[in-house]
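Welcome! Let's walk through this structure together, one question at a time.

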Amino acid sequence: MENSQHEQYEYARQRLKQKKRLYYHFVFFVMLSIFSIIINKLLGVYPETHWFLWVITILSFLFVLHFIRVFITDSFMNKNWERTQIDKLIAKQERKIEQLQKDLDQNNN
(Lines give C-alpha, C1' and ligand atoms only; values in the text may rest on other atoms or scores of the structure.)
Protein backbone atom coordinates (compact mmCIF):
# COMPACT_ATOMS: atom_id res chain seq x y z
CA MET A 1 0.00 0.00 0.00
CA GLU A 2 1.37 3.37 -0.99
CA ASN A 3 1.91 6.12 1.53
CA SER A 4 -0.97 8.27 0.19
CA GLN A 5 -3.33 5.29 0.18
CA HIS A 6 -2.31 4.47 3.72
CA GLU A 7 -2.97 8.07 4.79
CA GLN A 8 -6.40 7.99 3.14
CA TYR A 9 -7.18 4.70 4.86
CA GLU A 10 -6.09 6.05 8.26
CA TYR A 11 -8.12 9.22 7.76
CA ALA A 12 -11.22 7.22 6.79
CA ARG A 13 -10.73 4.90 9.77
CA GLN A 14 -10.37 7.86 12.13
CA ARG A 15 -13.50 9.57 10.73
CA LEU A 16 -15.45 6.34 11.11
CA LYS A 17 -14.31 6.05 14.72
CA GLN A 18 -15.39 9.64 15.40
CA LYS A 19 -18.84 9.08 13.91
CA LYS A 20 -19.23 5.80 15.79
CA ARG A 21 -18.43 7.54 19.08
CA LEU A 22 -20.97 10.25 18.24
CA TYR A 23 -23.67 7.63 17.67
CA TYR A 24 -22.80 5.98 20.98
CA HIS A 25 -22.97 9.39 22.62
CA PHE A 26 -26.44 9.91 21.15
CA VAL A 27 -27.67 6.54 22.45
CA PHE A 28 -26.21 7.34 25.87
CA PHE A 29 -27.93 10.74 25.77
CA VAL A 30 -31.33 9.22 24.98
CA MET A 31 -31.03 6.41 27.53
CA LEU A 32 -29.87 8.70 30.34
CA SER A 33 -32.60 11.23 29.54
CA ILE A 34 -35.28 8.55 29.72
CA PHE A 35 -33.73 7.12 32.88
CA SER A 36 -33.70 10.59 34.51
CA ILE A 37 -37.35 11.17 33.66
CA ILE A 38 -38.32 7.79 35.06
CA ILE A 39 -36.40 8.39 38.29
CA ASN A 40 -37.83 11.88 38.75
CA LYS A 41 -41.44 11.29 37.74
CA LEU A 42 -42.23 7.61 38.27
CA LEU A 43 -40.00 6.78 41.23
CA GLY A 44 -40.60 10.14 42.89
CA VAL A 45 -37.01 11.23 43.56
CA TYR A 46 -37.45 14.94 44.36
CA PRO A 47 -40.74 15.12 42.42
CA GLU A 48 -41.31 18.76 43.41
CA THR A 49 -38.43 19.81 41.16
CA HIS A 50 -37.92 18.96 37.52
CA TRP A 51 -34.21 18.21 37.85
CA PHE A 52 -34.34 15.87 34.85
CA LEU A 53 -34.59 18.98 32.66
CA TRP A 54 -31.14 20.08 33.87
CA VAL A 55 -29.73 16.64 33.09
CA ILE A 56 -31.24 16.70 29.60
CA THR A 57 -30.04 20.28 29.01
CA ILE A 58 -26.47 19.49 30.02
CA LEU A 59 -26.42 16.28 27.97
CA SER A 60 -27.87 18.15 24.98
CA PHE A 61 -25.19 20.81 25.23
CA LEU A 62 -22.44 18.18 25.37
CA PHE A 63 -23.95 16.30 22.44
CA VAL A 64 -24.17 19.47 20.34
CA LEU A 65 -20.50 20.23 21.07
CA HIS A 66 -19.55 16.70 20.06
CA PHE A 67 -21.67 16.95 16.90
CA ILE A 68 -20.05 20.26 15.93
CA ARG A 69 -16.61 18.81 16.45
CA VAL A 70 -17.26 15.71 14.34
CA PHE A 71 -19.31 17.12 11.47
CA ILE A 72 -18.21 20.75 11.25
CA THR A 73 -14.71 21.47 12.52
CA ASP A 74 -13.12 18.10 11.75
CA SER A 75 -14.73 17.89 8.32
CA PHE A 76 -13.06 21.04 7.00
CA MET A 77 -9.96 21.08 9.21
CA ASN A 78 -8.73 17.71 7.99
CA LYS A 79 -5.42 16.49 6.59
CA ASN A 80 -5.87 18.37 3.31
CA TRP A 81 -6.43 21.61 5.21
CA GLU A 82 -3.34 20.93 7.32
CA ARG A 83 -1.24 20.26 4.22
CA THR A 84 -2.48 23.45 2.55
CA GLN A 85 -1.64 25.52 5.62
CA ILE A 86 1.81 23.94 5.91
CA ASP A 87 2.47 24.55 2.20
CA LYS A 88 1.43 28.21 2.60
CA LEU A 89 3.74 28.68 5.58
CA ILE A 90 6.66 27.01 3.80
CA ALA A 91 6.11 29.18 0.71
CA LYS A 92 5.99 32.28 2.90
CA GLN A 93 9.24 31.31 4.63
CA GLU A 94 10.90 30.61 1.28
CA ARG A 95 9.85 34.04 -0.02
CA LYS A 96 11.32 35.67 3.09
CA ILE A 97 14.58 33.74 2.67
CA GLU A 98 14.76 34.77 -1.00
CA GLN A 99 14.14 38.39 -0.07
CA LEU A 100 16.82 38.27 2.62
CA GLN A 101 19.23 36.66 0.15
CA LYS A 102 18.52 39.42 -2.40
CA ASP A 103 19.04 42.10 0.25
CA LEU A 104 22.29 40.44 1.32
CA ASP A 105 23.50 40.22 -2.30
CA GLN A 106 22.65 43.89 -2.91
CA ASN A 107 24.49 44.95 0.24
CA ASN A 108 27.57 42.93 -0.77
CA ASN A 109 27.68 44.56 -4.23
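Q: What share of the 109 residues in the protein is buried?
A: This is a predicted model, in which local features need pLDDT of at least 70 and side-chain atom pairs count only at pLDDT 80 or more, while totals for chains, interfaces and linings use all residues. Residues are numbered from 1 along each chain as its sequence is written, and side-chain values use heavy atoms, with hydrogens and water left out. Buried means under 20% relative accessible area, exposed over 50% and partly exposed in between, with a 1.4 Å probe and protein chains only. Of the 109 residues in the protein, the buried share is 15%.

Q: Which pattern does the protein follow along the sequence?
A: The secondary structure comes to three helices and zero strands. Here helices (H or I, at least four residues) and strands (E, at least two) are DSSP runs, numbered from the N terminus. Read along the sequence, the pattern is α-α-α.

Q: Why does the protein count as more spread out than a compact globule?
A: The radius of gyration is taken over C-alpha atoms, and the globule rule is 2.2 Å times the number of residues to the power 0.38. For 109 residues that rule gives 13 Å, so the protein is more spread out than a compact globule, its radius of gyration being 26 Å.

Q: Which residues do ring pairs link into a cluster?
A: Rings of Phe, Tyr and Trp (its six-membered ring) pair if their centres lie within 6.5 Å; planes under 30 degrees apart count as stacked, over 60 as edge-to-face and the rest as tilted. The structure holds four aromatic pairs, among them a tilted one between Phe 26 and Phe 63, with 5.5 Å centre to centre and 50° between the planes. Phe 29 and Phe 63 are stacked, because their centres are 6.1 Å apart and their planes are at 10°. Ring pairs thus link a cluster of Phe 26, Phe 29 and Phe 63.

Q: How many residues apart in sequence are the parts that Phe 29 and Phe 63 tie together?
A: Phe 29 counts as buried at 15% relative accessibility, and so does Phe 63 at 16%. Phe 29 lies in helix α1 and Phe 63 in helix α2, so the parts tied together are apart in sequence by 34 residues.

Q: Which backbone oxygen does the side chain of Ser 36 reach?
A: Ser 36 has its place in helix α1 and counts as buried at 5% relative accessibility. At 2.8 Å, its side chain reaches the backbone oxygen of Leu 32.

Technical notes:
Polar contact = N/O pair within 3.5 Å; in protein donor to acceptor, adjacent residues only side chain to side chain.
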